Amino acid sequence: MSGEYLAPYAAHDAASRGRRYPEAAPELRSEFQRDRDRIIHSNAFRRLVYKTQVFVNHEGDLYRTRITHSIEVAQIARSVAVALRLNEPLTEAIALAHDLGHTPFGHAGQDALNECMREYGGFEHNLQSLRVVDELEERYAQFPGLNLTFECREGILKHCSLKHARELGELGRRFIERRQPGLEAQVANLADEIAYNNHDVDDGIRAQLLDVAALREVRLFRAQHEAVTAAHPQLSERRLVHETIRRMVNHVVIDFIRSTQAQLEAQRPHSIEDVRSLAQPLARLSDQVQEEHLELKGFLREHVYRHYKVLRMTAKARRVLRELFAAFSDDVNLMPLEHRDLARRAEAAHGAPGRARTVADYIAGMTDRYAILEHRRLFEPSERT
Ligand code: MG
């Protein structure tokens with residue numbers, strides 16, 4: 001990508017803070033294209049196919065999984081990045097990697113594992129995504145993990161507790177000093193929220209947890225729904241819903257680009273360092289759309305995430321993960337040999353917290369269906385082991 005195309009405040013190869021293990025520059029790609037390509041070839045990325053977003057993976061083939069979610073985030077983030085003359089491959093890399101550390105069973109899984117790990121430093125999925133790309137992937141001869149650029153790693157580490165930030169050195173410093181990551185990271189972050197709010201409307205309708213009449217309480221939905229109905233009074237229900245959601249995403253994304261452009265004009269950053277030094281992110285929605293977006297989020301919380309069918313599913317998921325964690329922590333010999341060996345070594349070096357972390361790594365890496373299968377193998381007397 002030519003330097004002229006990129007805005008001065010974008011991430012440039014030449015200004016990268018580099019990789020943990022120095023490497024020669026790639027031949028016919030940029031540094032950030034290389035990051036993206038490594039993420040796509042990772043095992044953790046492939047496993048996202050069978051990890052849940054909200055609905056458990058086996059409930060139906062049309063629901064989003066973490067991989068389709070990550071691709072939708074990347075699509076939205078890339079559109080915004082191009083409009084703002086940011087580094088598109090870096091934005092895409094961050095979006096594709098942002099959920100690599102997610103446990104099976106969506107947020108229910110993350111909460112359960114965090115509870116299990118409370119005495120041992122907790123479990124944060126953002127931190128786990130970083131751990132996957134820094135440590136857990138085993139693909140390259142010269143280094144552990146994927147050895148991604150600093151810019152990509154700072155984007156993957158969206159949030160982080162202060163306690164962990166202090167242990168992360170340079171990468172954690174911005175959380176302590178309340179500074180920002182580069183704009184590519186900010187864009188990927190906001191694109192994540194836009195993607196899941198809108199696709200949870202779609203999946204919620206498909207699962208029959210939401211209906212259009214109830215959704216019309218929500219301003220973002222109602223405005224687009226009215227516009228589509230007025231322009232196309234004969235439209236079938238399915239096309240009406242899809243057209244409405246399409247326009248909702250478009251409406252929010254246009255606002256995202258315009259509001260961020262306005263911030264850029266007001267603040268006039270000349271480099272990625274200027275972007276990083278600001279107290280507030282530059283990537284944002286207008287106050288009006290931000291408020292509408294929050295309204296949609298609140299509506300989804302009430303009608304989808306707290307729907308009894310979803311709560312039953314998340315209760316089951318929590319139980320499965322808690323029981324897996326307890327069984328493996330009590331006796332690491334129940335884990336497959338490779339994980340058992342890692343647990344033994346970690347315990348010898350770091351005691352009980354080391355052992356617990358390897359159990360959490362094993363569980364976090366599982367897909368939904370693998371976690372269910374492991375649970376059956378451990379607890380069902382008639383299941384093969
Ligand atoms: Mg996400």
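1. Let me start at the surface: E273 is partly exposed, with 38% relative accessible area. This is a predicted model, so read everything here with that in mind. The partner of E273 is R17, and the salt bridge between them has its closest N and O atoms 2.9 Å apart. What links here is far-flung in sequence: E273 sits in helix α14 (residues 272-277), R17 in the segment before α1, and 256 residues separate them. R17 also counts as partly exposed, because its relative accessibility is 34% and the buried class stops under 20%.

2. That pair doesn't stand alone. R17 and E273 belong to a network of salt bridges that also takes in E151, E154, E170, R173 and R276. Across the structure, the salt bridges come to 35.

3. Another one to click on is R219 with E295, a salt bridge at 3.2 Å, N to O. Again distant parts of the chain are linked: R219 is in helix α12 (residues 219-231) and E295 in helix α15 (residues 287-305), 76 residues apart. Both ends are partly exposed, R219 at 29% relative accessible area and E295 at 26%.

4. Now for a pair with a different setting. R66 and D99 meet through their side chains in a salt bridge of 2.7 Å, N to O. R66 belongs to helix α3 and D99 to the loop between α4 and α5 (106-116), so this contact ties together parts 33 residues apart in sequence. Are these two residues buried or exposed? R66 and D99 are both buried.

5. D99 turns up again at the metal. The magnesium ion has protein donors H69 (NE2), H98 (NE2), D99 (OD) and D192 (OD), at 2.1 to 2.8 Å. Along the chain, the spacing of these donors reads H-x28-H-D-x92-D. H69 comes from helix α3 and D192 from helix α10, so the two tie together parts 123 residues apart in sequence. H69 counts as buried at 1% relative accessibility, and D192 is buried too, at 6%.

6. Helix α4 (residues 88-97) deserves a look of its own. How many of its 10 residues are buried? The count is 9, so the helix is mostly covered. The buried ones are P89, L90, T91, E92, A93, I94, A95, L96 and A97. If you want to see what does the covering, show α1 (31-40), α2 (43-47), α3 (66-83), α6 (125-136), α7 (150-156) and α10 (183-206), which are among the elements involved. At the N-terminal end of α4, N87 acts as a cap, with a side-chain oxygen 3.3 Å from the backbone nitrogen of L90.

7. Last, the nonpolar packing. The largest nonpolar core has 81 residues, and the members touching the most others are I39, L100, L183, V187 and V201. Helix α10 gives the most to this core, namely 10 residues. Take V201 as a viewpoint: neighbours within four places in sequence aside, V201 is in contact with L210, L215, F221, I245, M248, L296 and L300. There is also a second, separate core of 24 residues, which includes A108, C116, F325 and A343.

Methods. Residues are numbered from 1 along each chain as its sequence is written. This is a predicted model: local features need pLDDT of at least 70, side-chain atom pairs count only at pLDDT 80 or more; totals for chains, interfaces and linings use all residues. Side-chain values use heavy atoms; hydrogens and water are left out. Buried means under 20% relative accessible area, exposed over 50%, partly exposed in between (1.4 Å probe, protein chains only). Helices (H or I, at least four residues) and strands (E, at least two) are DSSP runs, numbered from the N terminus. Contact means heavy atoms within 4.5 Å. A polar contact is a pair of N or O atoms within 3.5 Å; within protein, one must be able to donate a hydrogen and the other to accept it, and residues adjacent in sequence count only if both atoms are side-chain atoms. A salt bridge is a side-chain nitrogen of Lys or Arg within 4 Å of a carboxyl oxygen of Asp or Glu. Donors are N, O and S atoms within 2.8 Å of the metal (3.2 Å for Na, K and Ca); water is not among the atoms, so sites may look incomplete. A nonpolar core is a set of buried Ala, Val, Leu, Ile, Met, Phe, Trp, Tyr and Cys residues joined through side-chain atoms within 4.5 Å.
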